[in-house]
Every structure is written in C-alpha cells, then in structure tokens.
Amino acid sequence: MEKANLEQLRSFVTLDGSSIRELAGPAWTPVQNQSLAEATLPAGGETGEHYHPVSEEIYYFVSGAGRMRLGDDEDTVLGGDCVVIPPGTPHKLWNCTSEPLVLLCCCSPAYSDEDTVMTGR
C-alpha cells in the first residue's frame with residue numbers, strides 16, 4: 001500500500017513560486033495519470049501567472065483567503081471553494097491576508113515543470 005502523510009513530506013517550490021508537498025505523483029508512487037499536492041501561499045505572497053498546455057487542474061481551497069485570476073476572470077477565493085482550470089488557461093493567485101492560503105491541487109496528467117509556461121504577468 002502506498003501511503004503518504006502530509007506532515008512527513010518535504011516541500012519544494014514549483015516554477016510559479018508555490019510551496020508544494022506532493023501527496024501522490026509519478027515521481028515516487030505508482031500513480032501515472034495524475035498528481036495530488038498541497039500548495040501553500042504565504043501571507044502577502046503571489047504566484048507567477050502561468051498555464052499548462054496539457055494538464056487540467058483542480059484547486060480545492062482548504063483554508064485562508066485570496067484572489068485568483070483565471071483567464072480574464074478574477075474573484076475572491078476562500079477555504080471551501082473549488083476551481084477547475086482547463087488546459088491552456090492562464091492563472092494566478094494572490095494572498096492578500098496575514099494567514100497562509102492553503103489548497104489541494106490535482107493535476108491530470110501529473111504536474112511537471114515541462115508542462116508549465118510562465119506568462120511573465
């Protein structure tokens with residue numbers, strides 16, 4: 001049985017600047033077609049705007065609050081919100097609060113730096 005405990009995972013920083021702890025992914029588990037990670041955006045932080053040409057993403061916000069731009073739309077995101085990000089759609093997060101913004105990110109196919117295009121915005 002492959003099992004991960006979030007508290008035992010080391011974090012790494014993705015190309016967009018998020019701090020990630022990967023719960024499941026092809027780098028170290030038998031999963032081949034998707035990945036699941038916890039991302040944390042610190043107070044006052046933001047990601048670099050980017051898109052994934054191939055991967056579809058689902059962001060489930062666990063705690064905190066912030067703003068998200070998805071394509072041409074921008075709105076507040078709160079713990080309990082779920083956002084679907086189609087392939088090729090530019091997106092960016094801002095944490096304008098004094099608490100971390102924490103989300104689960106599911107990618108299919110699995111996240112890779114090679115499928116991440118930074119837009120410079």
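Two strands pair if DSSP finds at least two bridges between them. Strands here are DSSP runs (E, at least two residues), numbered from the N terminus.

This is a predicted model, where local features need pLDDT of at least 70, side-chain atom pairs count only at pLDDT 80 or more, and totals for chains, interfaces and linings use all residues. Residues are numbered from 1 along each chain as its sequence is written, and side-chain values use heavy atoms, without hydrogens and water.

**Stop 1: strand 3.** Select residues 35-41. Five of the seven residues of strand 3 are buried (under 20% relative accessible area, 1.4 Å probe, protein chains only).

**Stop 2: its partners.** Add strand 10 (101-108). Seven bridges join strand 3 to strand 10, and the two run antiparallel. Pick Leu36: its bridge partner in strand 10 is Cys106. Now add strand 2 (19-24). Strand 2 also runs antiparallel to strand 3, joined by five bridges. Ser19 has Thr40 of strand 3 as its bridge partner.

**Stop 3: the cavity.** A cavity is a set of points on a 1 Å grid over the protein atoms alone where a 1.4 Å probe fits but cannot get out; lining residues have an atom within 4 Å of a point. The whole structure has one cavity of 30 Å³ or more. The largest cavity holds about 220 Å³ of space, counted as the space filled by probe spheres set on the points. Select Thr14, Ile20, Glu57, Cys105 and Tyr111, the closest to its centre of the 22 lining residues.

Which strand gives the largest share of the lining? Strand 3 does, with five residues.

Notes. 1 Å grid on protein atoms, 1.4 Å probe; cavity = no way out; pocket = protein on both sides within 12 Å on 5 of 7 lines; lining within 4 Å. Helix = DSSP H or I, 4+ residues; strand = E, 2+ residues; numbered from the N terminus. Buried < 20%, exposed > 50% of the residue type's maximum accessible area, 1.4 Å probe, protein only.
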